[in-house]
Amino acid sequence: LRVVKETVIRARATAYRDRRNRKRDFRSLWIIRIKAAAEMRGLSYSRFIHGLSLAGITLNRKMLSELAIHEPQIFDELAAAANRDRVEFYMD
């Protein structure tokens, strides 16, 4: 009976830990997808994200990842906006 109790305690502890790790894993996956899509359009991930913030576009990484996969035309427009505003910011 003691072994069963210890197993249940350990299972609860790993379940608690892994619920947090799953969030970390998904964020990492979204960043990898965005990075690949941005590099296909000639931008690094950091410059893409910075350009979006300068353009005032506030989409989270989950939505950007979904757009990169399912709506490449819209992602092209976002990349163009990010690149355009980044260039204008540095020209000022």
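Start by selecting Arg17: with a relative accessible area of 44%, Arg17 is partly exposed. Keep in mind that you're looking at a predicted model. Now add Asp18, which forms a salt bridge with Arg17, the closest N and O atoms being 3.0 Å apart. Asp18 is partly exposed too, at 36% relative accessibility.

Next, pick Arg19, Arg20, Arg22 and Lys23, which gather in a surface patch of positive charge. Zoom in on Arg20: you'll find Arg20 in helix H1, residues 2–40, and partly exposed at 42% relative accessible area.

For something greasier, select Leu1, Val4 and Val8, which make a nonpolar surface patch of about 310 Å². Val8 sits in H1 and is partly exposed, at 36%.

Still in H1, show Lys35 and Glu39, whose side chains meet in a salt bridge (3.1 Å, N to O). The two are four residues apart in the helix, so about one helical turn separates them.

Now jump to Asp76 and Arg41, another salt bridge, with the closest N and O atoms 2.4 Å apart. This pair links distant parts of the chain: Asp76 is in helix H4 (residues 72–91), while Arg41 is in the loop between H1 and H2, 35 residues away. Arg41 is partly exposed at 27%, and Asp76 is partly exposed at 38%. A search of the whole structure turns up four salt bridges.

Last stop: H2, residues 45–55. Select Tyr45, Phe48, Gly51 and Leu52, which are buried. Look down the H2 axis: the buried residues fall within an arc of 130°, so they line one face of the helix. Finish on Gly56, which follows H2 and has a positive phi, near 80°.

Conventions
Residues are numbered from 1 along each chain as its sequence is written. This is a predicted model: local features need pLDDT of at least 70, side-chain atom pairs count only at pLDDT 80 or more; totals for chains, interfaces and linings use all residues. Side-chain values use heavy atoms; hydrogens and water are left out. Patches are made of residues with over 30% relative accessible area and no salt bridge: like charges are joined within 9 Å, nonpolar side chains (Val, Leu, Ile, Met, Phe, Trp, Tyr) within 5 Å. Accessible areas come from the Shrake-Rupley method with a 1.4 Å probe; for residues, only the protein chains shown count as cover. Lys and Arg count as positive and Asp and Glu as negative; His and the chain ends are not counted. The place of a charge is taken as NZ of Lys, CZ of Arg, CG of Asp or CD of Glu. Buried means under 20% relative accessible area, exposed over 50%, partly exposed in between (1.4 Å probe, protein chains only). The arc is that of the directions from the helix axis to the C-beta atoms.
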